[in-house]
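Colleague: I would like a close look at a single part of this model, with its surroundings explained step by step. Please keep the wording plain.

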Amino acid sequence: TSCVIPSGVHLNLRASHKNDMSLVEVEEANPAMASAPIAPYNSSPLGNSSSPNASRESLKMEPLADVAMLPGEERVIDKDIIYICPFNAAVKGKVFITNYRLYFKNTDSETPVTLDVPLGVISRVEKMGGASSRGENSYGLEITCKDMRNLRFALKQEGHSRRDIFEIIFKYAFPLSHGMQLFAFLSQEKYEENGWNVYEAMEEYRRQVLPNSEWRVTFINKNYELCDTYPTILVVPYKATDEDLRRVAAFRSRCRIPVLSWFHKENHAVIMRCSQPLVGMSGKRNKDDERYLDLIREANGTTKLTIYDARPNVNAVANKATGGGYEGDDAYQNAELVFLDIHNIHVMRESLKKLKDIVYPNVEESHWLSSLESTHWLEHIKLVLSGAIQVADKVSSGSSVVVHCSDGWDRTAQLTSLAMLMLDSYYRTLRGFQVLLEKEWISFGHKFASRIGHGDKNHADQDRSPIFLQFIDCVWQMTKQFPTAFEFNERLLVVILDHLYSCRFGTFLYNCESARESNNVRGKTVSLWSFVNSDTSLYINPFFTPESSRVLYPVASMRHLELWVTYYIRWNPRILHQQQSPVEQRYKELLALRDQYLKKLEELQLSDSTHLTNSSTPNAATPNQHITHLQTPF
Amino acid sequence: MLSLGSVGAKSTKPSFVSYVTPEEIKLEKEPPKKLKHPDLLPGEVEFCSANPILKYTQDDLSQRGVFGTLFCTNFRITFISDEKSQEETTKTFKNKLYGENDIPLMFVDHIYGVYDEKRKLITGALVKNKYPSKIIIHCKDLRVFQFCLTYTKEEDAKKIFQGIAHHCLEEKSLKCVFAFSYTGTPSPEMQRKRETILFDSPEDWTQEMKRTKANCRLVTENENFELSQRLPKYFVIPSALGDLFSYQGKGFPIWCWSHYSGCALFKASLPPVTQEDGDFQKHFDIMINAVAHNYLYSAKTEDLSESLPTIQDIQQSYNKFKQFFLIENSTDFWLSDMKWFSSLESSGWLDIIRQCLQKAVEVVECLEKDNTNVLITEEEGTDLCCVISSLVQIMLDPYYRTLMGFQSLVQKEWVAGCHAFLDRCNHLHQKDKECYSPVFLLFLECVWQLVQQHSPAFQFSETYLTVLSDSVHMPVFSTFLFNSAHHRESVLKAESPLAQSSPLSCPTVWDWSVQFDSKAQNYFFNPLYSEKVKHEKAVRKPHKLKHQRQLSLPSTAFKTPFKKGFFKDETDSLKKMLRVKRLSRWMGSPDSTAAISREFYESWQQRPLDYHGLLLPCLDGPAVRVWMQRYLRWIPEVHILGGGSVAVMTKLMELLSQVQDLKRVLEQRDSSQAAKPDHRPYIQHRLLSFGSSGRLPSSFPFAYSRNRSFKPIIPTGLMQCLMLTDSLASQEDEASSFVSLV
């Protein structure tokens, strides 16, 4: 039985962390593994009063099977359906579609099989089989997701039973293609903390001791007139005038001039980011650009400025044909150019596609290692990481660097942000990491909308590419190699990736600051960081040991790089999922035990001190000393 | 790298350029005043030495080195640096018998000589009169040493080279093994006997049968090896088996372990089945009947030589595999990094590990799920049978996951069980390579997979396994030195200094104090081990434990208290019928068994994990991994300073010590409060001193505490390597043309 709920009916139920789809699914080793058991439905009718149409009480209050809906989430259709679970047999159940998610719950057995998929992760919906196709469960839908899984549903063959559900999924999964709004603009979620305040550009620059005698802040881009994909506040060499900047902009692809990303407090070396110079076939030169790069070099007396071109040499040469290119030796005499051999977005997309082929639904068995190698995914990770290591090493040895690729929003963002993560321990904290993403990725115009294709039906769009996923994978590799250096845990990374696609938060929407501003993303949507920071305990790495001045150099060797199984293969129930790593579990147990003992000792001391007044025992001092000694490390 | 012998291409590598010119040496080196001599072990004798020898430091491309003296003794090759090194003294995890510059002779795997920039495999001492300019030693513990001989006097160089080649590569007699010269005083025997069960007495076996409630018969007839010299001194057989002397020369089922349900695992040596061999078939039927009689007249058999790789396959695979870790320089390292995964796969080593674990899971399923007796067979009965039966026992019996339990298991299945260690490890460098095969290492590899997947289930750490894998080649212990119990006894008797009175006593490897002080031994314990809850532990009765490891309750309806006479009353026909039903050779097509055991794994996986219960490995591609600690510990390129799992363990240990301190304080308070002495023992203080210095390399505790720069290791791509060689080649061309002009 299916029912379409009038769009006026709001079902506002409190969103809770525990119901968040992403978290549950990573954690659980549920046999069905379609999704994890959902936390018990909170029956308190919180959304009641906010609902404008309270007459159809029964329908409204029926929860989405057993999961609470988000404020602003609306039910669209329910339908009996068969979920063709690739790990088990076909599962009979019911699917619920809202304007935010697809939720499936089985009805055929005691062991729960559920799916909780935000419609935002869907990249493609297809009809499978026809009314006349034979074979069991041959008629239905196939849904391709952006998060490394596909979903297949079967329906009854008679009566065009899939027509309505297909159309509804198609419409709500791709709202932008249907003149509708993304769910982030419909969500009514409220959090105590406002995540939009996590990053304030000026505050972050001040933390880096900027501006100073070498570097100044310019507001030349306050109306996005210099560069429409850059943020409003930019840091440039003190000696460069705004007029200089305008002339440099003319020589840089999409006007993305070299601007400061990070400043080394001790040696004053900097990481600059930009796009390629517009050299073209004829090998054009631009005196202003050359002088500008020299100003960067001079700022801390670097003898030779290193320019890291993220691309392979041949690609950089090929870009000349389209007007781009790279800094030639003779034009930039005080600079050294290094190519980092990182491939473009198309190569990365194909690589991830290959990876999906070998891990979903079944993990390639007979030749796992050579299959993994043939995807080249880890090889790309290795190149990105080793590029970032070179940048970080150069900067920590006191030389300033300029990093660019073609447009300076994909590989450049990967390199600068990873190098900053290696150099600056602030970015390894929970808050600092958010700032890093907001700064290097979001404000500097990584084209999230184009790369992810939020709400867009065009699944074959050549602009889509898992660049940000690749960056998060690199971060994960670093957390694996340095398990005590990061304040946040793996769960945060998975949550970030899940909401990269979900469209529940405004954080990753649109291509650049100017577009975000004109669509009032800050005013109309909730930030992912509101959600994360309202319960940080979930994302804290218990082993974190702050070491402020330490530069982290991961080992970018295949010997250490490994496939992020708990992300890429998390849908597969057979792959060993440990709810919590045994080390972490043991550590937490011990922490609890220590607290318990400390409390007990405290109590004993308290009773001692009362005793002491009566009879002073010489022994009483020993435990006291012990405790102070023990507490010092904390 | 895979082809041994001369590798011509290697010689053109830029890394062979020595940056130390003879002039520099004169500056650096004072005329030798006094030769420093190594501290010899009791019984160790120095054969020859040479000075100055340049030992290349492994961890940079420039091939710089340290000057010193190279010695060869009856125990080791040792290099003593002219400079003073404090490294050794500061090391927390130090082997008392050998240090970082020592190579016990039995550790030597291959020696290469570099002659005129060409690398050649040295196969014996009698290689012309020429000695190489450089020798490269690959060790069985995967260390690589490179010594340059060109700075020393020709006769010294010749002598040391021939000495090393002779003592390491020439086939030698067992008597020459250092263990027979070693006169170190073993620590009191009693203490360690109490801990590790050696299975060299009838009592040990009786005790083990009692522990597992086995219903079998102890055989003492082989006490003087009258039955067979290939059989253990004492062993256990199905009680239904008749007079053993009548089966002489043929194999018979030897009991390994009994499941709590009553069914048991047996192993047997069996020659490969020749068809239409009626005699064999008859004997086989008798055996399988005897096995079936053990419990409910059920039996399954598995011929391991049919379904698992041969020992030659294992050896070939490991030979390929280990090459990837014997890294001589950075260029090699980064070149091999490109095709790392496919190289690993091409060796097949991980796949062999997977196959063994898979087979063990299948046997476990028979015992645990079907409650049938299992008989595993192979030609010798002491190779893969040992691997599989040991793995099965580790998966099913939590006792074998304790340190002492594990050591007892190795004694039971491998040492007392007559695994031919001497031949398999090729301790004597016999030219006949047929019988050499790292079977025991394969077993340790499988155990490591289990340890890394289910760490809290094991009392011992991976460091323990790594050390054990090295200790196999330590020529001090008798444990891994012989081919069988008979071999051990006869040799030890013959070699005894006081003939006739008592056999020579060599320390067993389980006497860890010979190699490590008690502090270092703490690294053998896994801090994540989830011990049993106290009150259960206090009971200490093994049969109590058994109920804990039940996966599912066996169908008690089938249980009968008088098993022995169970079939006595049955009519023959019923017996036949039952036999047809339950007696089966159980291998179907490989696909179907894989699917079935997958089901078994999944149903196990769905239950809450009990670390003291059944343990199964995940065998999917990403789950079977390279034993990083063992294989990567000496490669500086992969060391993560302040990272790796060591960093987390350090934190854990810090906290653990705090908790233990607190607990002690509380207990002291308790006892003083109660005003009477405290009888409860404190929890053993297994505190690892990871050192307060903070950043340890990921290879800890094996890596040297070398003062490493904080410079990152930047991978060199293939392109860069090629460019480098090109430019160097052109330089060489210029140089040669210059020479010709002169």
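Which residues of the largest nonpolar core touch the most other members?

Modeller: This is a predicted model, and what follows was computed from its atoms. In the largest nonpolar core, which has 315 residues, the members that touch the most others are Phe433(A), Phe468(A), Tyr568(A), Leu391(B), Phe406(B) and Phe443(B). Helix H11 of chain B, residues 349–368, gives the most to this core, with 12 residues. In general, nonpolar side chains tend to be buried together in soluble globular proteins.

Leu391(B) can serve as an example. Setting aside the neighbours within four places in sequence, Leu391(B) is in contact with Cys356(B), Leu357(B) and Ala360(B). Further contacts of Leu391(B) are Phe443(B), Cys446(B), Val447(B) and Leu450(B). Phe443(B) thus appears twice, as a contact of Leu391(B) and among the core members that touch the most others. There is also a second, separate core of 22 residues, which includes Cys216(B), Ala268(B), Val291(B) and Tyr297(B).

Now the chain around Leu391(B). Chain B has 742 residues, of which 57% are buried. Its secondary structure consists of 25 helices and 15 strands. Of the contacts in chain B between residues at least 6 apart in sequence, 74% join residues at least 24 apart. The accessible surface of chain B is about 32,000 Å², and carbon and sulfur atoms account for 55% of that area.

Charged side chains come next. Over all chains, the structure has 62 salt bridges. In one of them, Glu328(B) pairs with Arg119(B), and the closest N and O atoms are 2.3 Å apart. Glu328(B) is in the loop between helix H8 and helix H9 of chain B, while Arg119(B) is in strand S6, so the pair links parts of the chain that are 209 residues apart. Glu328(B) is buried, because its relative accessible area is 2% and the cut-off is under 20%. Arg119(B), at 3%, counts as buried too.

Another salt bridge of chain B joins Arg217(B) to Glu221(B), with 4.0 Å between the closest N and O atoms. Here Arg217(B) is partly exposed, at 27% relative accessible area, and Glu221(B) is partly exposed at 32%.

Chain A offers a salt bridge between Arg216(A) and Asp242(A), with the closest N and O atoms 2.7 Å apart. Because Arg216(A) lies in strand S8 and Asp242(A) in helix H5, the pair ties together parts that are 26 residues apart in sequence. Arg216(A) counts as buried at 18%, whereas Asp242(A) is partly exposed at 26%. Also in chain A, a network of salt bridges links Asp244(A), Arg247(A), Asp288(A) and Arg291(A).

Last come the aromatic rings. The structure holds 73 aromatic pairs over all chains. Tyr83(A) and Phe104(A) form a tilted pair, 5.4 Å centre to centre with 55° between the planes. Their positions, in strands S1 and S3 of chain A, are 21 residues apart. Tyr83(A) is buried at 3%, and Phe104(A) is buried at 0%. In chain B, Tyr318(B) and Phe321(B) form a tilted pair as well, 6.5 Å centre to centre with 40° between the planes. These two are three residues apart in helix H8, so about one helical turn separates them. Tyr318(B) is buried at 5%, and Phe321(B) counts as buried at 1%.

Rings and charges also meet in chain B. The charged end of Arg630(B) sits over the ring of Trp627(B), 5.9 Å from its centre. Likewise, the charged end of Arg633(B) sits over the ring of Phe702(B), 4.8 Å from its centre.

How values were computed. Residues are numbered from 1 along each chain as its sequence is written. Chains are lettered from A and ligands numbered from 1 in the order in which they are written. This is a predicted model: local features need pLDDT of at least 70, side-chain atom pairs count only at pLDDT 80 or more; totals for chains, interfaces and linings use all residues. Side-chain values use heavy atoms; hydrogens and water are left out. Helices (H or I, at least four residues) and strands (E, at least two) are DSSP runs, numbered from the N terminus. Buried means under 20% relative accessible area, exposed over 50%, partly exposed in between (1.4 Å probe, protein chains only). Contact means heavy atoms within 4.5 Å. Accessible areas come from the Shrake-Rupley method with a 1.4 Å probe; for residues, only the protein chains shown count as cover. A nonpolar core is a set of buried Ala, Val, Leu, Ile, Met, Phe, Trp, Tyr and Cys residues joined through side-chain atoms within 4.5 Å. Rings of Phe, Tyr and Trp (its six-membered ring) pair if their centres lie within 6.5 Å; planes under 30 degrees apart count as stacked, over 60 as edge-to-face and the rest as tilted. A charge sits over a ring if NZ of Lys or CZ of Arg is within 6 Å of the ring centre and within 35 degrees of the ring normal.
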